[in-house]
Amino acid sequence: MANASLPLLSPQDLEEIDRFHTAWCEENDVSKTDERAVEVASALIDWYVKTPSYRQRAKLDRPPDVPVSQEIEALLKDLGQAK
């Protein structure tokens, strides 16, 4: 059963998440199915769902600088050390 308190993601939301995930994979030269890429995708989805203000900014033509969550910073740090 889905958590009713979490917002549903629209196809546009999923496209936006995929755009960021694709960029991360390209920047880090990993496949989207790589274990690290899957972890990043999960963190992006979690961050996107839990940060409604970001969801609105991401849909702008030129979104303002986006603050990075502590969870994503920690994950990226861990992934950088795993290389």
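**Exercise 1.** In this predicted model, decide whether Lys-50 is buried or exposed.

*Solution.* Start with the relative accessible area of Lys-50, which is 56%. The cut-off for exposed is over 50%, so Lys-50 counts as exposed.

**Exercise 2.** Find out which residue Lys-50 meets in a salt bridge, and where the two sit.

*Solution.* Look along the side chain of Lys-50: its salt-bridge partner is Asp-46, at 3.1 Å from N to O. That passes the test, because the limit is within 4 Å. Next, place the pair: both residues belong to helix H2, 4 residues apart, so about one helical turn separates them. Finally, check the partner: Asp-46 has 36% relative accessibility and is therefore partly exposed.

**Exercise 3.** Work out which parts of the chain are linked by the salt bridge between Lys-32 and Asp-18.

*Solution.* First confirm the contact: the closest N and O atoms of Lys-32 and Asp-18 are 2.4 Å apart. Then locate each end. Lys-32 lies in the loop between helix H1 (11–28) and helix H2 (35–50), while Asp-18 lies in helix H1. With their positions 14 residues apart, the pair links distant parts of the chain. Now for accessibility: Lys-32 comes out at 35%, which is partly exposed, and Asp-18 at 38% is partly exposed too.

**Exercise 4.** Name the residue that forms a salt bridge with Arg-36, and say how accessible that residue is.

*Solution.* The partner of Arg-36 is Asp-34, with the closest N and O atoms 3.4 Å apart. Asp-34 has a relative accessibility of 27%, so it counts as partly exposed.

**Exercise 5.** How many salt bridges does a search of the whole structure find?

*Solution.* The search gives 4; among them is the Lys-50 and Asp-46 pair.

How values were computed
Residues numbered from 1 in each chain as written. Predicted model: local features only at pLDDT ≥ 70, side-chain atom pairs only at ≥ 80, totals over all residues. Heavy atoms only, no water. Buried < 20%, exposed > 50% of the residue type's maximum accessible area, 1.4 Å probe, protein only.
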